[in-house]
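Student: I'd like to learn how to read a few features off a model. Could you walk me through it?
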Amino acid sequence: MHQRPIGTATRGTTNPNRLRRMDRWIAATHGPALRRSDSPLAVDLGYGAAPWTAVELLERLRTADARTAVVGVEIDPGRVAAAQPYAREGLSFTHGGFEIPTAGRPVLIRAANVLRQYDEGEVAAVWQRLCARLAPEGLLVEGTCDEIGRRHVWVALGPEGPRTVTFATRLGSLERPSDLAERLPKALIHRNVPGEPVHAFLRDLDRAWATAAPYASLGARQRWIAAARAVSADWPLTDGARRWRQGEITVRWSALRPAAG
(Lines give C-alpha, C1' and ligand atoms only; values in the text may rest on other atoms or scores of the structure.)
Protein backbone atom coordinates (compact mmCIF):
# COMPACT_ATOMS: atom_id res chain seq x y z
CA MET A 1 0.00 0.00 0.00
CA HIS A 2 1.39 3.40 -1.02
CA GLN A 3 2.15 5.65 1.94
CA ARG A 4 0.37 8.98 1.99
CA PRO A 5 2.91 11.79 1.46
CA ILE A 6 3.99 13.56 4.65
CA GLY A 7 4.00 17.35 4.60
CA THR A 8 2.22 20.31 3.07
CA ALA A 9 2.51 21.77 -0.42
CA THR A 10 4.70 24.85 -0.72
CA ARG A 11 3.80 27.97 -2.67
CA GLY A 12 5.78 26.51 -5.55
CA THR A 13 7.73 29.67 -6.38
CA THR A 14 10.75 28.82 -8.48
CA ASN A 15 13.16 30.51 -10.88
CA PRO A 16 16.05 29.23 -12.97
CA ASN A 17 19.41 29.51 -11.21
CA ARG A 18 17.76 30.36 -7.90
CA LEU A 19 19.70 27.67 -6.03
CA ARG A 20 23.05 27.98 -7.79
CA ARG A 21 24.93 29.06 -4.66
CA MET A 22 23.67 26.09 -2.67
CA ASP A 23 24.31 23.67 -5.55
CA ARG A 24 27.88 24.81 -6.06
CA TRP A 25 28.62 24.52 -2.35
CA ILE A 26 27.16 21.00 -2.30
CA ALA A 27 29.18 19.92 -5.34
CA ALA A 28 32.38 21.33 -3.84
CA THR A 29 32.01 20.07 -0.28
CA HIS A 30 30.01 16.87 -0.76
CA GLY A 31 31.55 15.72 -4.04
CA PRO A 32 33.90 13.20 -2.37
CA ALA A 33 30.94 11.44 -0.70
CA LEU A 34 29.14 11.24 -4.04
CA ARG A 35 32.21 9.65 -5.61
CA ARG A 36 32.56 7.12 -2.80
CA SER A 37 28.95 6.01 -3.18
CA ASP A 38 28.21 2.90 -5.23
CA SER A 39 25.06 4.55 -6.56
CA PRO A 40 25.01 8.30 -5.85
CA LEU A 41 21.38 9.40 -5.49
CA ALA A 42 20.25 12.96 -4.72
CA VAL A 43 16.75 14.21 -3.92
CA ASP A 44 15.38 17.65 -4.71
CA LEU A 45 12.58 17.86 -2.16
CA GLY A 46 9.75 20.28 -2.92
CA TYR A 47 11.09 21.53 -6.25
CA GLY A 48 7.97 23.58 -6.86
CA ALA A 49 5.73 24.50 -9.77
CA ALA A 50 8.49 24.02 -12.36
CA PRO A 51 11.36 21.52 -12.30
CA TRP A 52 14.25 23.91 -13.01
CA THR A 53 15.97 23.33 -9.68
CA ALA A 54 16.04 19.56 -10.15
CA VAL A 55 17.38 19.88 -13.70
CA GLU A 56 20.13 22.21 -12.50
CA LEU A 57 20.97 20.07 -9.49
CA LEU A 58 21.64 17.11 -11.78
CA GLU A 59 23.90 19.20 -14.02
CA ARG A 60 25.89 20.62 -11.11
CA LEU A 61 26.28 17.38 -9.17
CA ARG A 62 27.47 15.61 -12.30
CA THR A 63 30.45 17.93 -12.32
CA ALA A 64 31.39 16.12 -9.09
CA ASP A 65 30.34 12.62 -10.20
CA ALA A 66 28.93 11.80 -13.62
CA ARG A 67 27.00 8.83 -12.18
CA THR A 68 24.78 10.99 -9.98
CA ALA A 69 21.01 10.54 -10.34
CA VAL A 70 18.45 13.07 -9.10
CA VAL A 71 14.86 12.42 -8.06
CA GLY A 72 12.56 15.41 -7.75
CA VAL A 73 10.01 14.81 -4.98
CA GLU A 74 6.81 16.89 -4.83
CA ILE A 75 3.75 16.55 -2.63
CA ASP A 76 1.55 18.21 -5.30
CA PRO A 77 0.69 15.53 -7.92
CA GLY A 78 -0.04 18.20 -10.51
CA ARG A 79 3.53 19.44 -10.27
CA VAL A 80 4.84 15.90 -10.66
CA ALA A 81 2.78 15.44 -13.82
CA ALA A 82 3.96 18.79 -15.22
CA ALA A 83 7.60 17.84 -14.65
CA GLN A 84 7.49 14.53 -16.52
CA PRO A 85 8.47 15.99 -19.93
CA TYR A 86 11.80 17.00 -18.33
CA ALA A 87 12.62 13.50 -17.11
CA ARG A 88 15.64 11.88 -18.73
CA GLU A 89 18.47 9.52 -17.94
CA GLY A 90 19.40 10.18 -14.33
CA LEU A 91 16.48 12.53 -13.66
CA SER A 92 13.03 11.47 -12.52
CA PHE A 93 10.09 12.95 -10.64
CA THR A 94 7.85 11.31 -8.07
CA HIS A 95 4.95 12.10 -5.75
CA GLY A 96 5.91 12.26 -2.10
CA GLY A 97 6.97 14.30 0.90
CA PHE A 98 9.17 14.03 3.97
CA GLU A 99 9.03 10.23 3.85
CA ILE A 100 11.32 10.45 0.75
CA PRO A 101 9.85 7.63 -1.38
CA THR A 102 13.01 6.49 -3.16
CA ALA A 103 14.14 2.90 -3.55
CA GLY A 104 17.58 3.59 -2.14
CA ARG A 105 18.89 5.88 0.57
CA PRO A 106 20.03 9.19 -0.92
CA VAL A 107 23.52 10.56 -0.49
CA LEU A 108 21.95 14.02 -0.63
CA ILE A 109 18.57 15.53 0.20
CA ARG A 110 18.19 19.18 -0.69
CA ALA A 111 15.18 20.98 0.80
CA ALA A 112 15.24 24.62 -0.25
CA ASN A 113 12.47 27.02 0.74
CA VAL A 114 10.38 24.11 2.01
CA LEU A 115 10.17 24.69 5.77
CA ARG A 116 9.49 28.43 5.73
CA GLN A 117 5.76 27.84 6.11
CA TYR A 118 6.16 25.46 9.06
CA ASP A 119 6.30 26.40 12.73
CA GLU A 120 9.73 26.55 14.33
CA GLY A 121 8.69 23.78 16.70
CA GLU A 122 8.13 21.39 13.78
CA VAL A 123 11.60 21.74 12.29
CA ALA A 124 13.49 19.29 14.54
CA ALA A 125 11.08 16.45 13.78
CA VAL A 126 11.29 17.08 10.04
CA TRP A 127 15.08 17.18 10.19
CA GLN A 128 15.11 13.91 12.12
CA ARG A 129 12.78 12.24 9.63
CA LEU A 130 14.81 13.36 6.63
CA CYS A 131 18.17 12.50 8.21
CA ALA A 132 16.86 9.00 8.96
CA ARG A 133 16.48 8.46 5.20
CA LEU A 134 20.07 9.39 4.40
CA ALA A 135 22.78 6.97 3.37
CA PRO A 136 25.59 6.58 5.94
CA GLU A 137 27.64 9.37 4.30
CA GLY A 138 24.54 11.33 3.34
CA LEU A 139 23.88 15.04 3.70
CA LEU A 140 20.68 17.01 4.21
CA VAL A 141 20.87 20.64 3.11
CA GLU A 142 17.91 22.73 4.28
CA GLY A 143 17.66 26.47 3.82
CA THR A 144 16.08 29.54 2.36
CA CYS A 145 16.94 32.04 -0.35
CA ASP A 146 15.44 35.07 -2.04
CA GLU A 147 13.55 34.81 -5.32
CA ILE A 148 16.61 35.15 -7.55
CA GLY A 149 19.19 33.49 -5.33
CA ARG A 150 21.28 36.51 -4.33
CA ARG A 151 21.01 35.74 -0.61
CA HIS A 152 20.89 32.28 0.86
CA VAL A 153 21.36 30.64 4.27
CA TRP A 154 21.30 26.88 4.81
CA VAL A 155 21.95 24.26 7.46
CA ALA A 156 23.88 21.10 6.55
CA LEU A 157 23.00 17.96 8.49
CA GLY A 158 24.38 14.43 8.52
CA PRO A 159 22.59 11.31 9.78
CA GLU A 160 23.59 12.38 13.29
CA GLY A 161 22.03 15.85 13.01
CA PRO A 162 23.00 19.44 12.19
CA ARG A 163 26.63 20.23 11.45
CA THR A 164 27.05 23.69 9.94
CA VAL A 165 25.29 26.88 8.85
CA THR A 166 26.35 28.58 5.62
CA PHE A 167 25.66 32.20 4.68
CA ALA A 168 26.04 32.89 0.95
CA THR A 169 25.49 36.08 -1.01
CA ARG A 170 26.15 37.98 -4.18
CA LEU A 171 28.70 40.33 -2.69
CA GLY A 172 28.03 43.16 -5.13
CA SER A 173 24.49 43.49 -3.76
CA LEU A 174 25.44 43.36 -0.07
CA GLU A 175 25.19 46.44 2.14
CA ARG A 176 25.96 44.61 5.39
CA PRO A 177 26.20 40.89 6.27
CA SER A 178 23.20 41.03 8.63
CA ASP A 179 21.01 41.66 5.56
CA LEU A 180 21.19 37.87 5.24
CA ALA A 181 19.12 37.54 8.43
CA GLU A 182 15.92 37.79 6.40
CA ARG A 183 16.87 34.49 4.73
CA LEU A 184 17.69 32.52 7.86
CA PRO A 185 16.07 29.05 7.79
CA LYS A 186 13.08 28.43 10.00
CA ALA A 187 15.21 26.97 12.83
CA LEU A 188 16.99 30.34 13.18
CA ILE A 189 14.78 33.06 11.68
CA HIS A 190 13.06 33.88 14.97
CA ARG A 191 16.33 33.70 16.90
CA ASN A 192 17.94 36.79 15.43
CA VAL A 193 17.43 38.72 18.67
CA PRO A 194 19.81 39.83 21.44
CA GLY A 195 20.90 36.93 23.61
CA GLU A 196 20.84 34.40 20.78
CA PRO A 197 24.08 33.09 19.21
CA VAL A 198 23.05 33.76 15.59
CA HIS A 199 22.35 37.39 16.46
CA ALA A 200 25.77 37.70 18.07
CA PHE A 201 27.47 36.15 15.05
CA LEU A 202 25.79 38.50 12.57
CA ARG A 203 26.60 41.45 14.84
CA ASP A 204 30.27 40.46 14.88
CA LEU A 205 30.29 39.88 11.13
CA ASP A 206 28.76 43.33 10.57
CA ARG A 207 31.46 44.88 12.74
CA ALA A 208 34.20 43.01 10.87
CA TRP A 209 32.66 44.09 7.54
CA ALA A 210 32.69 47.73 8.69
CA THR A 211 36.29 47.46 9.89
CA ALA A 212 37.26 45.95 6.53
CA ALA A 213 35.84 48.94 4.62
CA PRO A 214 39.32 49.99 3.38
CA TYR A 215 39.44 46.75 1.39
CA ALA A 216 36.43 47.92 -0.63
CA SER A 217 38.81 49.70 -3.00
CA LEU A 218 40.08 46.22 -3.94
CA GLY A 219 36.53 44.93 -4.41
CA ALA A 220 33.75 43.46 -2.30
CA ARG A 221 35.35 40.01 -2.45
CA GLN A 222 38.52 41.15 -0.71
CA ARG A 223 36.47 43.00 1.88
CA TRP A 224 34.42 39.86 2.59
CA ILE A 225 37.55 37.71 2.92
CA ALA A 226 39.04 40.20 5.39
CA ALA A 227 35.81 40.23 7.43
CA ALA A 228 35.63 36.43 7.45
CA ARG A 229 39.23 36.14 8.55
CA ALA A 230 38.55 38.56 11.39
CA VAL A 231 35.53 36.71 12.78
CA SER A 232 37.38 33.39 12.52
CA ALA A 233 39.31 34.45 15.62
CA ASP A 234 36.15 34.15 17.73
CA TRP A 235 33.82 31.85 15.79
CA PRO A 236 34.42 28.24 14.62
CA LEU A 237 34.38 28.62 10.85
CA THR A 238 34.75 25.43 8.85
CA ASP A 239 35.86 26.95 5.55
CA GLY A 240 38.62 29.23 4.32
CA ALA A 241 39.53 31.78 1.68
CA ARG A 242 38.68 29.44 -1.20
CA ARG A 243 34.98 29.40 -0.18
CA TRP A 244 35.00 32.96 1.16
CA ARG A 245 35.89 34.10 -2.35
CA GLN A 246 32.52 32.72 -3.45
CA GLY A 247 30.70 35.02 -1.01
CA GLU A 248 30.23 32.26 1.57
CA ILE A 249 31.00 31.77 5.23
CA THR A 250 30.27 28.54 7.11
CA VAL A 251 30.00 28.22 10.89
CA ARG A 252 29.63 25.15 13.08
CA TRP A 253 26.03 24.57 14.14
CA SER A 254 27.14 24.13 17.74
CA ALA A 255 28.12 27.81 17.83
CA LEU A 256 24.80 29.07 16.42
CA ARG A 257 22.44 26.57 18.03
CA PRO A 258 19.45 28.43 19.53
CA ALA A 259 19.72 29.22 23.22
CA ALA A 260 17.78 26.90 25.53
CA GLY A 261 14.31 28.00 26.52
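Tutor: Sure. Start with a cut-off: a residue counts as exposed when its relative accessible area is over 50%, as buried under 20%, and as partly exposed in between. Keep in mind that this is a predicted model.

Student: Okay, let's try that on Asp119: buried or exposed?

Tutor: Its relative accessible area is 53%, so Asp119 is exposed. You'll find Asp119 in the loop between β4 (108-112) and α4 (120-132). Also look across to Lys186: the two are 67 residues apart in sequence, yet 7.6 Å apart in space, C-alpha to C-alpha.

Student: And His152, buried or exposed?

Tutor: Buried, because its relative accessibility is 0%, against a cut-off of under 20%. His152 sits in strand β6 (residues 151-158). Beyond its neighbours within four places in sequence, His152 is in contact with residues including Leu19, Met22, Cys145, Phe167 and Leu180.

Student: Now a whole helix. Which residues of α4 are buried?

Tutor: Val123, Val126, Trp127, Leu130 and Cys131. Looking down the axis of α4, these buried residues fall within an arc of 125 degrees, so they line one face of the helix. On the face turned away from that buried side, α4 carries the exposed residues Gly121, Ala124, Gln128 and Ala132.

Student: What about pockets? How many residues line the second largest pocket?

Tutor: There are 14, and Trp25, Thr29, Leu139, Arg163 and Thr164 lie nearest the centre. The elements giving two or more residues to that lining are α1 (20-36) and β7 (161-169); α1 gives the most, with 4 residues. Its space comes to about 280 Å³.

Student: What is the lining of the second largest pocket by class?

Tutor: It has 4 nonpolar, 6 polar and 4 charged residues.

Student: Last topic, aromatics. How many aromatic pairs are there?

Tutor: The count is 8 aromatic pairs. Take Trp209 and Trp224: their ring centres are 6.1 Å apart with 70 degrees between the planes, which makes the pair edge-to-face. Trp209 belongs to helix α6 (residues 197-211) and Trp224 to helix α7 (residues 220-231), so the pair links distant parts of the chain, 15 residues apart. Both Trp209 and Trp224 are buried.

Student: Which residues form an aromatic cluster?

Tutor: Phe167, Phe201 and Trp235 form one. You've met Phe167 already, among the contacts of His152.

Terms used: Residues are numbered from 1 along each chain as its sequence is written. This is a predicted model: local features need pLDDT of at least 70, side-chain atom pairs count only at pLDDT 80 or more; totals for chains, interfaces and linings use all residues. Side-chain values use heavy atoms; hydrogens and water are left out. Buried means under 20% relative accessible area, exposed over 50%, partly exposed in between (1.4 Å probe, protein chains only). The arc is that of the directions from the helix axis to the C-beta atoms. Contact means heavy atoms within 4.5 Å. On a 1 Å grid over the protein atoms alone, a cavity is a set of points where a 1.4 Å probe fits but cannot get out, and a pocket is an open set with protein on both sides within 12 Å along at least five of seven lines; lining residues have an atom within 4 Å of a point. Grid points are joined across faces, edges and corners, and a volume is the space filled by probe spheres set on the points. Ala, Val, Leu, Ile, Met, Phe, Trp, Tyr, Cys and Pro count as nonpolar, Asp, Glu, Lys and Arg as charged, and the others, Gly among them, as polar. Rings of Phe, Tyr and Trp (its six-membered ring) pair if their centres lie within 6.5 Å; planes under 30 degrees apart count as stacked, over 60 as edge-to-face and the rest as tilted.
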